[in-house]
Each structure stands twice: as structure tokens, then as C-alpha cells.
Amino acid sequence: QVQLVESGGGLVQPGGSLRLSCAASRSISTIDAMGWYRQALGKQRELVAATRSGGSTSYADSVKGRFTISRDNAKNTVYLQMNSLKPEDTAVYYCYHMRLGYWGQGTQVTVSS
């Protein structure tokens, strides 16, 4: 079992940046795949970015070149750096432990002028 707590969401203007954090209650192994998902109002939850064993990462086409996923295993934390934010990035962002199947509670990101 693991608890995941997201933080770092908020209101930002278009073109701005935010960094989301996902703190795990237990050690995250280097082989544990972790992901960031998002769910906009009225839409299905979608995978935004993932980090897998060996340090490989993957991104949704809509965020490539703007978002960066990273992890600090010593701090049991996964990050999502979001740059050049657009209004269509507005959603609740969730952290997900892919091997154990646990979700965080989500953090709201709103991009608006």
C-alpha cells in the first residue's frame, strides 16, 4: 500500500509555469513506473507523462516539449514541470503508482487570464 499526495497546483496565466509534486508515503523503487494523469471537466482521464525503469519517459503528444516528468527516489517524490501552459491544460492532475495501482487525490491546475 502507498499513499500519494500531490501539490503545486493553482491558477496561472497562459504561458506560465507550474511544478507539481507527488510525494509517496513509502520508498519508490527505481523500477517503479509512475505517471501523471489529468482529467478535465466532462472528459476522460488521460495519461500526460510517465517515468519507467531505467529512467525512460514518455509524454502525450499534447504536452511534448512543454512538460517534463522527473523523480527523486531519495525523497520518494515525482515531479511534473509544466511550462508554456495553455488554457486546454486546465484539469485535475493525478499521480499514479503504476505497479501498485494507487492514485493520489489530485491537484487542480487552472490556466486562465
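A salt bridge here is a side-chain nitrogen of Lys or Arg within 4 Å of a carboxyl oxygen of Asp or Glu. I started my notebook with that cut-off, and I keep in mind that this is a predicted model.

**Entry 1: charged pairs**

I looked up the salt bridges and got a count of five. Arg38 and Asp89 are one such pair, with N to O at 2.9 Å. Arg38 sits in strand β4 and Asp89 in the loop between β8 and β9, so this pair ties together parts that are 51 residues apart in sequence. I then checked whether the two are buried or exposed. Arg38 counts as buried at 6% relative accessibility, and Asp89 is buried as well, at 1%.

Asp89 also forms a salt bridge with Arg66, where the closest N and O atoms are 2.8 Å apart. Arg66 belongs to the loop between β6 and β7 and Asp89 to the one between β8 and β9, so the pair links parts 23 residues apart in sequence. Arg66 is buried, as is Asp89. Through shared partners, salt bridges join Arg38, Glu46, Arg66 and Asp89 into one network.

I noted Asp61 and Lys64 too, whose side chains meet in a salt bridge at 3.1 Å, N to O. Both of these residues are exposed.

**Entry 2: strands around β5**

Next I followed β5 to its partners. β4 and β5 run antiparallel and are joined by five bridges; Tyr37 has Leu47 in β5 as its bridge partner. The two strands form a hairpin with six residues between them, and Gly42 in the turn has a positive phi of about 80°.

β5 also pairs with β6 (residues 57-59) in the antiparallel sense, over three bridges. Here I found Ala50 opposite Ser58 in β6. This hairpin has five residues between its strands, and Gly54 in the turn shows a positive phi of about 85°.

**Entry 3: the nonpolar core**

Which residues touch the most other members of the largest nonpolar core? I found Trp36, Phe67, Leu80, Met82 and Tyr93, out of 25 residues in that core. At least two core residues come from each of β3 (18-24), β4 (34-39), β5 (46-51), β7, β8, β9 and β11. β3 gives the most, with four residues.

I then listed the contacts of Tyr93 beyond four places in sequence: they include Leu20, Trp36, Arg38, Phe67, Leu80, Met82 and Thr107.

**Entry 4: Thr107**

That led me to Thr107, which lies in strand β11 (residues 107-111). Thr107 is buried, with a relative accessible area of 11%. A polar atom of its side chain lies 3.2 Å from the backbone nitrogen of Gly9. Leaving aside neighbours within four places in sequence, Thr107 contacts Glu6, Ser7, Gly8, Gly9, Leu20, Ala91, Val92 and Tyr93.

**Entry 5: positive phi outside glycine**

Most residues other than glycine have a negative phi, so I looked for exceptions. Asn76 has a positive phi of about 55°. Its place is in the loop between β7 (67-72) and β8 (77-82). Is Asn76 buried or exposed? Its relative accessible area is 18%, so Asn76 falls under the 20% limit and counts as buried.

Ser84 is another case, with a positive phi near 50°. I found Ser84 in the loop between β8 and β9 (91-97). Ser84 counts as partly exposed, because its relative accessibility of 40% falls between the 20% and 50% limits.

Key: Residues numbered from 1 in each chain as written. Predicted model: local features only at pLDDT ≥ 70, side-chain atom pairs only at ≥ 80, totals over all residues. Heavy atoms only, no water. Buried < 20%, exposed > 50% of the residue type's maximum accessible area, 1.4 Å probe, protein only. Polar contact = N/O pair within 3.5 Å; in protein donor to acceptor, adjacent residues only side chain to side chain. Contact = heavy atoms within 4.5 Å. Core = buried A, V, L, I, M, F, W, Y, C linked by side-chain atoms within 4.5 Å. Pairing = 2+ DSSP bridges.
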